[in-house]
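Trainee: I would like to learn how to read side-chain contacts and helix packing in a model such as this one. Could we go through it together, one feature after another?

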Amino acid sequence: MSIGDIAARFGLATHVLRHWETMGLLTPARIGGDRRRYGTDDLYRVAAILRAKEAGFSLDDVRAMISTSDPVERRAILVRQRAELARRIAEAQASLELIDCALDCEHEDLPGCPHFQAKLAERISPDPPPHVRG
């Protein structure tokens, strides 16, 4: 496939694929005139990069993860990213529960609703962070 073919397949601009190539994330084959040709392995590599980015990986972390042959290093990257993703999922789940609570609320004053306040209670810190205190 050409760079245009693979870009269209994933909804990417061709410059994104070129950037990933300069970062060492992709190594497409070259044919006459230095034109890039992408194969099946490249499709999986692009899919892995996109999924990793969706999970919050930086491109540097993606490169480290897919290029290292050291399983300990790869595991450390994945463990760190997994913890961060789990944290973000928990935050998103709490937000979803708050929205569901608001959708089910029949009070005219949503912020005054005891059920809504109960959902927000865990977000209220007993003390402001040190940089906020006077």
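Trainee: Let me begin with a single side chain: is Arg-87 buried, partly exposed or exposed?

Mentor: Keep in mind throughout that this is a predicted model. A residue counts as buried under 20% relative accessible area and as exposed over 50%; Arg-87 has a relative accessible area of 37%, so it is partly exposed.

Trainee: Which residue does Arg-87 pair with in a salt bridge, and where do the two lie?

Mentor: Its partner is Glu-84, with the closest N and O atoms 2.4 Å apart, and both residues lie in helix 5, three residues apart, which is about one turn of the helix. Glu-84 is likewise classed as partly exposed, at 31% relative accessibility.

Trainee: Which residues join into one network through salt bridges that share partners?

Mentor: That network is made up of Glu-21, Arg-30, Asp-34 and Arg-36. Within the group, Glu-21 forms a salt bridge with Arg-36, and the closest N and O atoms are 2.5 Å apart. Because Glu-21 lies in helix 2 (residues 14-22) and Arg-36 in strand 2 (residues 35-37), the pair ties together parts that are 15 residues apart in sequence. Glu-21 is buried, its relative accessible area being 17%.

Trainee: Which side chain meets Arg-80 in a salt bridge?

Mentor: Arg-80 meets Asp-61, at 2.9 Å from N to O. Arg-80 belongs to helix 5 (residues 71-104) and Asp-61 to helix 4 (residues 59-67), so this pair ties together parts that are 19 residues apart in sequence. Arg-80 is partly exposed at 44% relative accessibility, whereas Asp-61 is buried, with a relative accessible area of 17%. The count of salt bridges comes to nine.

Trainee: Turning to packing, at what angle do the axes of helix 3 and helix 4 cross?

Mentor: The axes of helix 3 (residues 40-54) and helix 4 come within 10 Å and cross at roughly 130 degrees, which means that helix 3 is oblique to helix 4. The crossing is right-handed. At the contact, Arg-45, Ile-49, Ala-52 and Lys-53 in helix 3 meet Leu-59, Val-62 and Ile-66 in helix 4.

Trainee: Finally, which element has the lowest mean pLDDT, and which the highest?

Mentor: Where pLDDT is low, the predicted coordinates should not be read in detail. Here helix 6 (residues 114-121) has the lowest mean pLDDT among the elements, at 85, and helix 2 the highest, at 96. The protein chain averages a pLDDT of 89, and 96% of the residues score at least 70.

Definitions and conventions:
Residues numbered from 1 in each chain as written. Predicted model: local features only at pLDDT ≥ 70, side-chain atom pairs only at ≥ 80, totals over all residues. Heavy atoms only, no water. Salt bridge = Lys/Arg side-chain N within 4 Å of Asp/Glu carboxyl O. Helix = DSSP H or I, 4+ residues; strand = E, 2+ residues; numbered from the N terminus. Buried < 20%, exposed > 50% of the residue type's maximum accessible area, 1.4 Å probe, protein only. pLDDT = per-residue confidence, 0-100. Axes fitted to C-alpha atoms, helices over the stretch in contact; angles between N-to-C directions. Parallel < 35°, antiparallel > 145°, perpendicular 65-115°, else oblique. Left-handed = near helix turned anticlockwise from the far one by under 90°. Contact = heavy atoms within 4.5 Å.
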